[in-house]
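Here is a short report on one protein chain. Keep the structure open while you read.

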Amino acid sequence: MKTKIWGCRGSLPTAIEATSVKTKVFDALKAANGRNFADDTAIEDFMGTELDFPTAGTYGGNSSCVEINTDAEEFMVCDMGSGLRGFGIDSLGRVAAGHERIYNIFLSHPHWDHIMGFPFFVPAFDPRNTIRIYGGHDDIEWVLRRQQQDPCFPVPLDFMGAKREFIHMEPGTDYEVAGHKVSLVEQYHHGTSYGYRFEKDGKTAVYSTDSEHKLEEMDKEQRFVDFFDQADVVIFDTMYSLADAISVKEDWGHSSNAVAVDLCHLAKVKRLCMFHHEPVYDDRTIFELHNETIRYEELMRLDDTAPLEVLCAYDGMEIDL
Ligand SMILES: [Zn+2]
Ligand SMILES: [Zn+2]
């Protein structure tokens, strides 16, 4: 099972600015320190081994969208943030390669950053395609219709020619979707959000974003420990540093990197993927938060737990389970 991140930014898509690019080029040239490169491969080696991630790359700025299993016969996607646009275009090239024209989309909740990609989802305009939208909320169709109403958007939902189905799911029930066992859990967020667990061929991916877990209330978290149990990856809302989460951003509906590690340790998860990055944080800040999380994981590791690998999502990242 291979999972691909198409959008990892929280709350608002965030474009990279000219000053950030300038800083990256400056840092790269400084690190090169006047050296000559024999060929392009030597440049690529230098970038891969001697430049850190915020210098040679970027976490990207699209809002939430994650493809759960890129090899599934039908497409399997969580959330429809602005990253859905890129996924939609990419998927068209894969239809001929054996994917059925069926898109299964699992919605965490209808906040804008999780639905704003749908009006730009090219497969939704093709009558040969079927789009199934799953979720725990009752009013998803109404929400999507409203998003595309005059005067906010020129193309109404019904202009999109693909077949649409809305499928209500209930926590506590196991569903079968395109050969995957799928279940959901209700989370702590304004208007409620849902996390999803996907299992296939002995591999498990969990997508759990937009949920506020608090370090001082870990006794309430057993149902999440059960839900994450021994997952190969948990993609988790780590929007804030611990300092921000317990001060200025308390009750904003998102979690810290520290509570993510604690929950994953308790659930014996193999990999944590930090997700839903704060739009205010630049690449360097997210990189430092990632390193801080790795150090916290080492400090807090329990005697009977295998090490938890801590990944940090970026747009285009693939996680091979
Ligand atoms: Zn969000
Ligand atoms: Zn939200």
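## Two domains

Two residues count as in contact if their C-beta atoms, placed from the backbone, lie within 7 Å. With that rule, four residues of domain 1 are in contact with four residues of domain 2. On the domain 1 side of this contact, three residues are charged, one is nonpolar and none is polar.

The model is predicted. Its chain is assigned two domains. Domain 1 comes in two pieces, 2-14 and 58-320. Domain 2 covers 18-56. The C-alpha centres of the two domains lie 32 Å apart.

## A mixed sheet from β6 to β14

Strands of a sheet pair through backbone hydrogen bonds, either parallel or antiparallel. One open sheet here has seven strands, in the order β6-β5-β4-β3-β2-β1-β14. Its pairing is mixed. Which strands stand at the edges? They are β6 (163-168) and β14, and each pairs on one side only. From one strand to the next, the twist averages 20°.

Start with β1, residues 2-7. Strand β1 pairs with β14 (residues 318-320) in the antiparallel sense, over three bridges. Find Thr3: its bridge partner in β14 is Ile319. Strand β1 also pairs with β2 (residues 65-67), again antiparallel and over three bridges. There, Ile5 has Val66 in β2 as its bridge partner.

Now look at β4 (residues 102-107) and β5 (residues 130-135). They pair in the parallel sense, over six bridges. Leu107 has Gly135 in β5 as its bridge partner. Helix α4 (residues 83-95) lies across β1, β2 and β3 (75-78). The helix runs at about 125° to β1.

## A mixed sheet from β7 to β13

Another open sheet of seven strands follows the order β7-β8-β9-β10-β11-β12-β13. Its pairing is mixed. Why is one side of β7 (175-177) and of β13 (309-312) left without a neighbour in the sheet? Both stand at the edges with a single partner strand each, so one side of each stays free of a neighbour. Neighbouring strands of this sheet are turned by 25° against each other on average, with direction ignored.

Strands β8 (residues 180-187) and β9 (residues 193-200) run antiparallel. How many bridges join β8 to β9? There are seven. Ser183 stands opposite Arg197 in β9.

Two helices pack on this sheet. Helix α8 touches β11 (233-237) and β12 (271-275), and its direction makes about 155° with that of β12. Helix α9 touches β12 and β13, and its direction makes about 170° with that of β13.

## Where α8 meets α9

The helices α8 (residues 257-266) and α9 (residues 283-300) also pack against each other. Their axes are 10 Å apart, at an angle of about 40°. That angle makes α8 oblique to α9. The crossing of α8 past α9 is right-handed.

Which residues meet here? From α8 come Asn257, Ala258, Val261, Asp262 and His265. From α9 come Leu289, Glu292, Thr293, Tyr296, Glu297 and Met300. By class, this contact has five nonpolar, three polar and three charged residues.

## Two backbone details

Most residues other than glycine have a negative phi, and most peptide bonds are trans. Two places in this model are worth checking against that rule.

One is the peptide bond between Asp150 and Pro151, which is cis, with omega about 0°. Pro151 is in the loop between α5 (140-147) and β6. The other is Asp201, a residue other than glycine whose phi is positive, near 50°. Asp201 is in the loop between β9 and β10 (203-208).

Technical notes:
Residues are numbered from 1 along each chain as its sequence is written. Chains are lettered from A and ligands numbered from 1 in the order in which they are written. This is a predicted model: local features need pLDDT of at least 70, side-chain atom pairs count only at pLDDT 80 or more; totals for chains, interfaces and linings use all residues. Domain bounds come from an automatic or database domain assignment. Ala, Val, Leu, Ile, Met, Phe, Trp, Tyr, Cys and Pro count as nonpolar, Asp, Glu, Lys and Arg as charged, and the others, Gly among them, as polar. Axes are lines fitted to C-alpha atoms, for helices over the stretch in contact, and angles run from 0 to 180 degrees between N-to-C directions. Helices (H or I, at least four residues) and strands (E, at least two) are DSSP runs, numbered from the N terminus. Angles under 35 degrees count as roughly parallel, over 145 as roughly antiparallel, 65 to 115 as roughly perpendicular and the rest as oblique. A crossing is left-handed if the near helix is turned anticlockwise from the far one by less than a right angle, and right-handed if clockwise. Two strands pair if DSSP finds at least two bridges between them.
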